[in-house]
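Subject: Structure for your review

Dear colleague,

Please find below the structure that I agreed to hand over to you. My notes on what was found in it follow directly after it.

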Amino acid sequence: MTRPGRARVALLLTVVTAALLTACTGTDADPSRADATPTTRPTSSPTPTPSWPPSPTASPTPSTAAEIAEAVDKWYTYGGETAVVSLIEEARNAESDRPREAFELVVLDFDGLTDALGTARLMGPIPDPRTQTAWAAAIEHLDGAVREVLASVPKDGRTIQSPQETGQMLRGWSTFDEGIKSLKAAQALLNRRFGLKPSVDPWEAGA
């Protein structure tokens, strides 16, 4: 199955093949379905509340500063660091192929970034509202940027982007920039508020 992550494009002049054009199809399912209310099964009659203690797997929402710090540390230790570093590295890789001038032919490969975004979502929210706000914004903006840039690739065999398609590509990269800002903000908050940072700065690694 072709994944929506790769296209050969230029800023104003677009060169694509039929095979690469299929990369613009097969987007994720409608996210609005996630908000659908699940079907509940009616109960025949109320039953008394059991007297045994709750399951040991249930964990209360952290409320105190110490509880939040402990929860964030666990999130970071058990996969969060990997998710953050991976998202930064893949965002840098995608940005390195960004068109810098008109008629520049480049290969935009968003496969790695798409995978990193999937991993970030699987991790669930960061247990600190302020940090989570920045992290969620980074995921939302980067995901939207990928979709918008790929959607700007002509789908009818044309080799030249229309003004509307060029504008869409530029908007996509502008959204990408917002995602990078939010990603840097989330990483800075993890460091400043909780002392959590990777051993090697992913913004500098391999530069």
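In which helix does A65 lie? A65 lies in helix α2. Please bear in mind, here and throughout, that this is a predicted model.

A65 also serves to introduce how surface exposure is described. With a relative accessibility of 65%, A65 counts as exposed, because the cut-off for that class is over 50%. Along the chain, A65 and D128 are 63 residues apart, and their C-alpha atoms are separated by 9.4 Å.

Overall architecture

The protein chain has 207 residues, of which 34% count as buried. Its secondary structure comes to five helices and two strands. Read from the N terminus, the order of these elements is β-α-α-β-α-α-α.

How the helices pack

Two packed helices are described by the angle between their axes and the distance between the axes. Both values are available for two pairs in this model, and helix α4 takes part in each of them.

The first pair is α4 and α5. Helix α4 covers residues 129-151 and helix α5 covers residues 163-194. Their axes are 7 Å apart, and the packing angle is about 160°. Since angles over 145 degrees count as roughly antiparallel, α4 and α5 are therefore roughly antiparallel to each other. Their crossing is left-handed. The residues of the contact of α4 with α5 divide into 18 nonpolar, eight polar and six charged.

The second pair is α3 and α4. Helix α3 spans residues 111-122, and its axis comes within 11 Å of the axis of α4. The two axes cross at roughly 150°, which means that α3 is roughly antiparallel to α4. The crossing of α3 and α4 is left-handed.

Aromatic residues

How many aromatic pairs does the count come to? The count comes to three aromatic pairs. One of them is formed by W75 and W135, which meet edge-to-face, with 5.9 Å from centre to centre and 80° between the planes. This pair links distant parts of the chain: W75 is in helix α2 (residues 65-96) and W135 is in helix α4, 60 residues apart. Both W75 and W135 are buried.

Another edge-to-face pair is made by W173 and F176, with 5.0 Å from centre to centre and 65° between the planes. W173 and F176 are three residues apart in helix α5, so about one helical turn separates them. Are these two residues buried or exposed? W173 has a relative accessible area of 4% and is therefore buried. F176 counts as buried as well, because its relative accessibility is 1%. Ring pairs also link F110, W173 and F176 into a cluster.

A further ring, that of W203, has a charged partner. K184 lies over the face of W203, at 5.1 Å from the ring centre.

Two further positions in helix α5

The place of A185 is in helix α5. With 32% relative accessibility, A185 counts as partly exposed, because the value falls between the limits of 20% and 50%. A185 and A137 are 48 residues apart in sequence, and the distance between them in space is 9.9 Å, C-alpha to C-alpha.

G172 lies in helix α5 too. Its relative accessibility is 0%, so G172 counts as buried. From G172 to S152 there are 20 residues in sequence and 8.7 Å in space, C-alpha to C-alpha.

When you study the model, I would suggest beginning with the contact of α4 with α5 and then turning to the cluster of F110, W173 and F176.

Yours sincerely,
A colleague

Note on methods: Residues numbered from 1 in each chain as written. Predicted model: local features only at pLDDT ≥ 70, side-chain atom pairs only at ≥ 80, totals over all residues. Heavy atoms only, no water. Axes fitted to C-alpha atoms, helices over the stretch in contact; angles between N-to-C directions. Helix = DSSP H or I, 4+ residues; strand = E, 2+ residues; numbered from the N terminus. Parallel < 35°, antiparallel > 145°, perpendicular 65-115°, else oblique. Left-handed = near helix turned anticlockwise from the far one by under 90°. Nonpolar A, V, L, I, M, F, W, Y, C, P; charged D, E, K, R; others polar. Buried < 20%, exposed > 50% of the residue type's maximum accessible area, 1.4 Å probe, protein only. Phe/Tyr/Trp six-rings, centres within 6.5 Å; stacked < 30°, edge-to-face > 60°. Lys NZ or Arg CZ within 6 Å of the ring centre and 35° of its normal.
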